Amino acid sequence: MIEEHRLRRLIHCEVPGRAEGATSREHHRGDPRCPAPPQLEAGEVGHLLNMLLEAYDGRRPAAQVRALVAPEVYAGLTGPRRPRPRHRTQTIHTCTPVPEVVEACARVEADGRSFALAARFVRTPAGWRCERFALLKPHQPAHPLRRAA
């Protein structure tokens, strides 16, 4: 069983008593007594982005964030990994282009370099889910430019 107790849920209400035999995931999904929060606060977005970066870096098992991300995002977080530097968010900006969608961009630092991060969160009956997650790194040219002597 995955250690779900380490995940911070994004559902902001008291959990009613569990029905016998129901798992926690079945218990919350689509429960009208415990809806997903109407909006993600900037602090929550930052927390989610840091959790996803930890999974990307290999410092957190990707299985711990599986319930928070779309299958395409999860596929990008799994598989063989080479060691990566620790990525840290520096600044985070959010916007709500349409109701129930939050888009975020962030400046991320690793090994003294800055990168851009883009993410999109969509509200579902089970909570907020990351539909897009992209760490944008600068393109490295195949051949370095040579200076004329």
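This report describes a predicted model of a protein, moving from its overall make-up to one helix and the core around it.

## Overall make-up

The protein is built from three helices and four strands, and, read from the N terminus on, its elements follow the order α-α-α-β-β-β-β. Of the 149 residues in the protein, 34% are buried, while the accessible surface comes to about 9,900 Å², with 52% of that area belonging to carbon and sulfur atoms. When contacts between residues at least 6 apart in sequence are considered, 46% of them join residues at least 24 apart.

## Helix α2

Helix α2 covers residues 42-57, which makes 16 residues, and from its first C-alpha to its last it reaches 22 Å, close to the 22 Å expected at 1.5 Å a residue. Just after α2 comes G58, which takes a positive phi of about 90°.

Many positions of this helix can be named as buried, among them E44, V45, G46, L48, L49, L52, L53 and Y56. The cover over the buried residues of α2 includes one helix, α3 (71-77), together with the strands β1 (88-95), β2 (101-110), β3 (113-124) and β4 (127-136).

## The nonpolar core

The largest nonpolar core holds 30 residues, and those with the most contacts inside it are L49, L77, L117, F121 and F133. At least two residues of this core come from each of α2, α3, β2, β3 and β4, and α2 gives the most, with eight residues.

F133 offers a closer view of this packing: leaving aside residues up to four places away in sequence, F133 touches L49, L52, L53, Y56, V73, L117, A118 and A119.

Note on methods
Residues are numbered from 1 along each chain as its sequence is written. This is a predicted model: local features need pLDDT of at least 70, side-chain atom pairs count only at pLDDT 80 or more; totals for chains, interfaces and linings use all residues. Side-chain values use heavy atoms; hydrogens and water are left out. The expected span of a helix is 1.5 Å times one less than its number of residues. Buried means under 20% relative accessible area, exposed over 50%, partly exposed in between (1.4 Å probe, protein chains only). Contact means heavy atoms within 4.5 Å. A nonpolar core is a set of buried Ala, Val, Leu, Ile, Met, Phe, Trp, Tyr and Cys residues joined through side-chain atoms within 4.5 Å. Accessible areas come from the Shrake-Rupley method with a 1.4 Å probe; for residues, only the protein chains shown count as cover.
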